[in-house]
Amino acid sequence: MRVLVTGGAGFIGSHLSEALLERGDEVWALDDLSTGRLGNLRTFERHPRFRFLEGTVLDGSTVHGLVAQCDRVFHLAAAVGVKYVLENPLRSLITNIRGTEVVLEACAQHQRRVLLFSSSEVYGKGVAVPFAEGDDRVMGPTHKLRWSYACGKAVDEGMAQAYWQQQQLPVTVVRCFNTCGPRQTSAYGMVIPSMVLRALRNEPILVYGDGKQSRCFSAVSDVVRGTLQLVDSKDTVGEIFNIGTDEEITVVQLAERIRRACHSASAIEFVPYEQIYGRSFEDMRRRVPDLAKIRRFVGYRPEVGLDQLLESIICDTCEQMGRPAPVGLPTA
């Protein structure tokens with residue numbers, strides 16, 4: 001197949017593009033490089049079945065022209081990272097909502113199978129853990145711009161459902177939970193890359209708040225594998241799925257585990273949220289997915305545990321720094 005990946009130079013998008021090439025597809029990657037990086041494409045940029053196009057999903061003529069020539073579309077192009085969203089709230093909303101509208105409109109016009117990437121952020125401050133796809137959403141106040149991303153993604157999902165119900169657009173939505181792995185940058189507030197980099201430099205590892213908030217950190221390889229399982233199934237059309245892992249850990253436990261894995265002398269330093277994000281930020285205590293639905297539909301189960309995930313990120317970071325991996329870790 002010829003496949004369009006919007007946001008194809010991003011962290012998840014580049015791994016997805018690589019996996020599609022490995023299974024024989026022709027891949028066209030569209031990215032405006034606002035948060036994506038050409039370096040993410042380094043290992044396959046010269047592949048004969050890969051084509052990169054610098055551009056934005058806000059450009060309707062470009063998107064329509066590409067969708068018309070492709071068989072499937074994976075829509076990942078979006079503003080990413082809490083830090084980026086808080087610093088660029090208007091641009092983030094426009095990109096995430098209007099961009100998705102353009103992509104879905106083009107896919108509906110040409111009746112192309114599309115998989116839309118959403119986020120666990122849509123669950124907001126819900127406390128019914130683990131989160132299931134049919135659960136109610138609990139949002140914070142609108143003046144807390146931290147929730148603008150969640151609201152934008154919820155609008156995206158609503159548009160996808162509307163196109164499916166009214167125009168029979170074959171669309172599937174996936175909600176990612178803290179996807180991590182090699183190539184992920186710390187530039188936009190991603191917690192594991194930030195902690196690993198500081199640990200390797202023996203700098204203080206920053207833990208925001210009291211560190212008792214918990215998350216489930218998913219390996220990008222698992223997320224990509226599950227995504228391909230979903231898009232290959234006709235039964236998943238019109239459905240929404242959590243994807244990731246349900247292995248839960250608190251942020252302070254994560255910092256301690258990273259410090260040990262890096263053989264680091266770093267101190268663990270607790271920092272108030274306001275010092276990093278200002279007053280437009282709120283956090284949720286737990287975020288754990290219920291994976292029963294995706295398991296039932298396509299048999300998906302996460303295969304990469306947290307320790308293995310951390311090893312891969314540490315080795316990748318060491319390679320980028322031009323230094324050997326810590327003793328006891330396999331080479332990258």
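**Thr 227 and two helices**

I'll start with one residue: Thr 227 sits in helix H7, which covers residues 220–231. A word of caution is that this is a predicted model. Is Thr 227 buried or exposed? Its relative accessible area is 0%, so Thr 227 counts as buried, the cut-off being under 20%. Leaving out residues up to four places away in sequence, Thr 227 has contacts with Phe 74, Leu 115, Phe 117 and Ile 243.

Next, helix H4, residues 89–110. H4 has 22 residues, and from its first C-alpha to its last it reaches 32 Å, close to the 32 Å expected at 1.5 Å a residue. Buried residues in H4 include Ser 92, Thr 95, Asn 96, Gly 99 and Val 103. An α-helix has 3.6 residues a turn, so residues three or four places apart point the same way. After H4 comes Gln 111, with a positive phi near 50 degrees.

Now helix H5, residues 148–167. What span should its 20 residues have at 1.5 Å a residue? The expected value is 28 Å, and the end C-alpha atoms of H5 are 28 Å apart, so the two agree. Among the buried residues of H5 are Tyr 149, Lys 153, Asp 156, Glu 157 and Tyr 163. What covers the buried residues of H5? The cover includes helix H3 (82–87) and H4, together with strands S5 (113–119), S6 (171–176) and S11 (240–243). H5 is followed by Gln 168, and the phi of Gln 168 is positive, near 55 degrees.

Conventions
Residues are numbered from 1 along each chain as its sequence is written. This is a predicted model: local features need pLDDT of at least 70, side-chain atom pairs count only at pLDDT 80 or more; totals for chains, interfaces and linings use all residues. Side-chain values use heavy atoms; hydrogens and water are left out. Helices (H or I, at least four residues) and strands (E, at least two) are DSSP runs, numbered from the N terminus. Buried means under 20% relative accessible area, exposed over 50%, partly exposed in between (1.4 Å probe, protein chains only). Contact means heavy atoms within 4.5 Å. The expected span of a helix is 1.5 Å times one less than its number of residues.
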